[in-house]
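Open the model in your viewer and keep the sequence panel visible. The stops below each give something to select and then say what is there.

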Amino acid sequence: MIATILLSFGVLFVAELGDKSQLMALTFALRYRWWIVLSGIAVASVAVNLIAVAVGHFLGAALPTNLIALLTALILLGVGVWTLRETRTPESEEQPRPVPAPHSGRALFVVISAFLLAELGDRTMFATIALASQHGWLAVWLGSVAGMVAAGGLAIGVGITVGKHIPERAIAVGSGLLFLYIGAATLLSTLEMGRPLEIGLAAIAPIVAAATLWLLGRRARALATDSAATLAEATEPSRP
């Protein structure tokens with residue numbers, strides 16, 4: 001049993017390295033508190049790997065991966081838009097204000113939902129199914145959960161380290177753009193057009209969003225400058 005746990009741990013940990021789930025963990029760590037992200041990953045890992053071992057050990061059936069990927073993409077794109085929306089500074093304010101911290105319960109729900117859907121039908125789930133079809137399901141489940149959480153914890157550590165040296169507003173904007181990229185890449189993966197093409201096309205979404213934010217910010221600054229000039233002219237005492 002110990003050997004199976006270690007095998008499952010190693011397979012899942014290696015499979016998660018560089019995967020979209022680890023990038024999601026890093027991105028969430030830039031936005032939310034580390035314990036919220038780790039808790040969400042743990043809950044999602046327990047659930048998705050329990051499904052995987054059940055499929056591999058008892059059913060031997062496949063899940064509708066394209067539908068799951070579509071739902072995942074929509075959630076990630078929504079989170080990206082929501083995050084970028086929170087970074088908008090009201091035009092009436094000249095100084096940027098801090099991005100409001102999300103409620104911990106809502107953040108935990110977002111993390112769990114995103115990871116649960118991202119892992120369903122992912123390559124790591126199929127690896128767990130394959131292991132469960134050949135080894136004891138309990139040992140595979142324990143090892144796969146531990147490996148997934150460990151990989152997520154590594155990404156969280158990177159996110160915390162990076163976040164200490166980046167302003168809060170820049171973190172919010174960067175995480176929003178990353179969410180858009182991951183969501184677009186997940187959506188394009190359902191079309192099966194090839195990995196390099198998916199990566200290239202997925203970059204269009206954050207590029208367009210960044211350009212839109214820049215144009216909106218430039219317009220807001222121009223309006224603020226015009227308003228300040230108009231106010232100065234109105235309050236300037238008239239000369240005799």
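Start by selecting leucine 70, Leu187 and Thr190: apart from neighbours within four places in sequence, leucine 70 is in contact with Leu187 and Thr190, where contact means heavy atoms within 4.5 Å. The model is predicted, so local features need pLDDT of at least 70 and side-chain atom pairs count only at pLDDT 80 or more, while totals for chains, interfaces and linings use all residues. Residues are numbered from 1 along each chain as its sequence is written, and side-chain values use heavy atoms, with hydrogens and water left out.

**Stop 1: leucine 70**

Leucine 70 sits in helix 4, residues 65–86. Helices (H or I, at least four residues) and strands (E, at least two) are DSSP runs, numbered from the N terminus. Colour the residue by accessibility: leucine 70 is partly exposed, with a relative accessible area of 36%. On this scale buried means under 20% relative accessible area, exposed means over 50%, and partly exposed lies in between (1.4 Å probe, protein chains only). Now add alanine 184, which is 114 residues from leucine 70 along the chain; their C-alpha atoms are separated by 9.8 Å.

**Stop 2: the whole chain**

Zoom out and switch to cartoon. The protein chain has 10 helices and 0 strands, and the pattern along the sequence is α-α-α-α-α-α-α-α-α-α. Of its 240 residues, 38% are buried. Among contacts between residues at least 6 apart in sequence, 87% join residues at least 24 apart.

Next, colour the spans taken from the record. An unreviewed UniProt entry lists residues 34–55, 67–84, 138–163, 170–191 and 197–216 under "transmembrane region". UniProt positions are given in the numbering used here, feature names are shortened, and annotations may be inferred rather than shown by experiment. Two of these spans can be checked with the distance tool. For residues 170–191 the end C-alpha atoms lie 32 Å apart, and the span is 91% helix and 0% strand. For residues 197–216 the end C-alpha atoms lie 30 Å apart, with 95% helix and 0% strand.

**Stop 3: helix 1 against helix 6**

Two packed helices are described by the angle between their axes and the distance between the axes. Select residues 2–16 (helix 1) and residues 123–132 (helix 6), which pack at an angle of about 165° with their axes 9 Å apart. Axes are lines fitted to C-alpha atoms, for helices over the stretch in contact, and angles run from 0 to 180 degrees between N-to-C directions. Helix 1 and helix 6 are therefore roughly antiparallel. Angles under 35 degrees count as roughly parallel, over 145 as roughly antiparallel, 65 to 115 as roughly perpendicular and the rest as oblique.

Show side chains for the contact: helix 1 contributes Leu7, Ser8, Val11, Leu12, Ala15 and Glu16, and helix 6 contributes Arg123, Thr124, Ala127, Thr128 and Leu131. In helix 6, 7 of the 10 residues are buried, so the helix is largely enclosed by the rest of the structure. Those buried residues are Thr124, Met125, Ala127, Thr128, Ile129, Leu131 and Ala132.

**Stop 4: glycine 56**

Keep helix 6 on screen and add glycine 56, which lies in helix 3 (residues 34–59). Glycine 56 is buried, with a relative accessible area of 13%. Which residues does glycine 56 contact, leaving aside neighbours within four places in sequence? They are Ile129, Ala132 and Ser133. The C-alpha atoms of glycine 56 and threonine 128 are separated by 7.6 Å, with these positions 72 residues apart along the chain.

**Stop 5: helix 2 against helix 7**

Select helix 2 and residues 137–163 (helix 7): the axes come within 7 Å and cross at roughly 40°. That makes helix 2 oblique to helix 7. Residues of helix 2 at the meeting include Gln22, Ala25 and Leu26, and those of helix 7 include Ala151, Leu154 and Ala155.

Centre on glutamine 22 in helix 2, residues 20–31. Glutamine 22 is buried, at 12% relative accessible area. Its side chain reaches the backbone oxygen of alanine 151 at 3.2 Å.

Finish on threonine 27, also in helix 2. Threonine 27 is buried, with a relative accessible area of 0%. Beyond its neighbours within four places in sequence, threonine 27 is in contact with Ser175, Leu178, Phe179 and Ile182.

Methods:
A polar contact is a pair of N or O atoms within 3.5 Å; within protein, one must be able to donate a hydrogen and the other to accept it, and residues adjacent in sequence count only if both atoms are side-chain atoms.
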